[in-house]
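Me: Could you take a close look at one part of this model, the second helix, and explain how the rest of the chain is arranged around it? I would like the terms explained as you go.

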Amino acid sequence: MINERELIQEALEARKSSHSPYSHFAVGAALLCSDGQVIRGTNVENASFGGTICAERSAFLAAISMGKRDFLAVAIVGAPHGDRIDKICAPCGICRQFMSEFCGPDFKIVLYDGEGPVLRTLGELLPDTFLLKGDE
Ligand SMILES: [Zn+2]
């Protein structure tokens, strides 16, 4: 199984595909599925800003569209265009909620500060998750 540093490398590769002409902030994500497959995602902005989607949700949408439902971890990296990554890029609130639909509180979120992995869990980033379905 891929390790955290390798997952960060996948996210850095995904970041190269970012379409971010408005924010000039490029983000990459790499989602590790329970079958070992890694699905990349990047942020895709739109002139109608509400149509913009974040990198981690891009990865989830691609994976879910492939029929995947079980996920182990996601790496997320981001920085302004042309900048070296030197601080973590944590997922936005919408993405935290989105991930909670498919992932429990132990789901690993691998951030990157330019030096190495910074580990979080979904439960740390989104305690007291809103759930309609009543499990957990
Ligand atoms: Zn987001």
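Reply: **Helix H2 and its surroundings**

Just after helix H2, Gly-67 takes a positive phi of about 95 degrees; helices (H or I, at least four residues) and strands (E, at least two) are DSSP runs, numbered from the N terminus. This is a predicted model, in which local features need pLDDT of at least 70 and side-chain atom pairs count only at pLDDT 80 or more, whereas totals for chains, interfaces and linings use all residues. Residues are numbered from 1 along each chain as its sequence is written, and side-chain values use heavy atoms, with hydrogens and water left out.

The helix itself comes next. Eight of the eleven residues of H2 are buried, so the helix is largely enclosed by the rest of the structure; here buried means under 20% relative accessible area, exposed means over 50%, and partly exposed lies in between (1.4 Å probe, protein chains only). The buried residues of H2 are Ala-55, Glu-56, Arg-57, Ser-58, Ala-59, Phe-60, Ala-63 and Ile-64, and their cover includes strands E1, E2 and E3 together with helix H3.

One of these buried residues can be followed into the sheet. Glu-56 is among the residues touched by Ile-76 when residues up to four places away in sequence are not counted, contact meaning heavy atoms within 4.5 Å. Ile-76 lies in strand E3 and is buried, with a relative accessible area of 0%. Its other contacts include Val-27, Gly-28, Ala-29, Cys-89 and Leu-111.

The strands that help to cover H2 belong to an arrangement that can now be set out. An open sheet of five strands has the order E2-E1-E3-E4-E5, with mixed pairing, where two strands pair if DSSP finds at least two bridges between them. Its edge strands, each pairing on one side only, are E2 (38–42) and E5 (117–121). Strands E1 (residues 25–33) and E3 (residues 71–80) run antiparallel and are joined by nine bridges; Phe-25, for instance, has Pro-80 in E3 as its bridge partner. E1 and E2 also run antiparallel, with five bridges between them, and here Leu-32 stands opposite Val-38 in E2. The hairpin of E1 and E2 has four residues between the strands, and among them Gly-36 takes a positive phi near 95 degrees.

The loop between E1 and E2 leads back to the end of H2. The side chains of Lys-68 and Asp-35 meet in a salt bridge (2.6 Å, N to O), a term that stands for a side-chain nitrogen of Lys or Arg within 4 Å of a carboxyl oxygen of Asp or Glu. This pair links distant parts of the chain, since Lys-68 is in the loop between H2 and E3 while Asp-35 is in the loop between E1 and E2, 33 residues apart. Lys-68 is buried, with a relative accessible area of 13%.

At the other end of H2 there is a metal site to consider. The protein donors of the zinc ion are Cys-54 (SG), Cys-92 (SG) and Cys-95 (SG), lying 2.2 to 2.3 Å from the ion; donors are N, O and S atoms within 2.8 Å of the metal (3.2 Å for Na, K and Ca), and water is not among the atoms, so sites may look incomplete. Along the chain these donors follow the spacing C-x37-C-x2-C. Cys-54 lies in the loop between E2 and helix H2 (55–65), and Cys-92 lies in the loop between E3 and helix H3 (93–100), so the pair ties together parts that are 38 residues apart in sequence. Cys-54 counts as partly exposed at 22% relative accessibility, and Cys-92 counts as partly exposed at 32%.

A last residue, from another helix, also meets these strands. Arg-15 belongs to helix H1 (residues 4–15), and, leaving aside neighbours within four places in sequence, its contacts include Ala-26, Val-27, Thr-42, Val-77 and Pro-80. Arg-15 is buried yet has no salt bridge, the nearest side chain of opposite charge being Asp-83, 7.2 Å away; for this purpose Lys and Arg count as positive and Asp and Glu as negative, while His and the chain ends are not counted.
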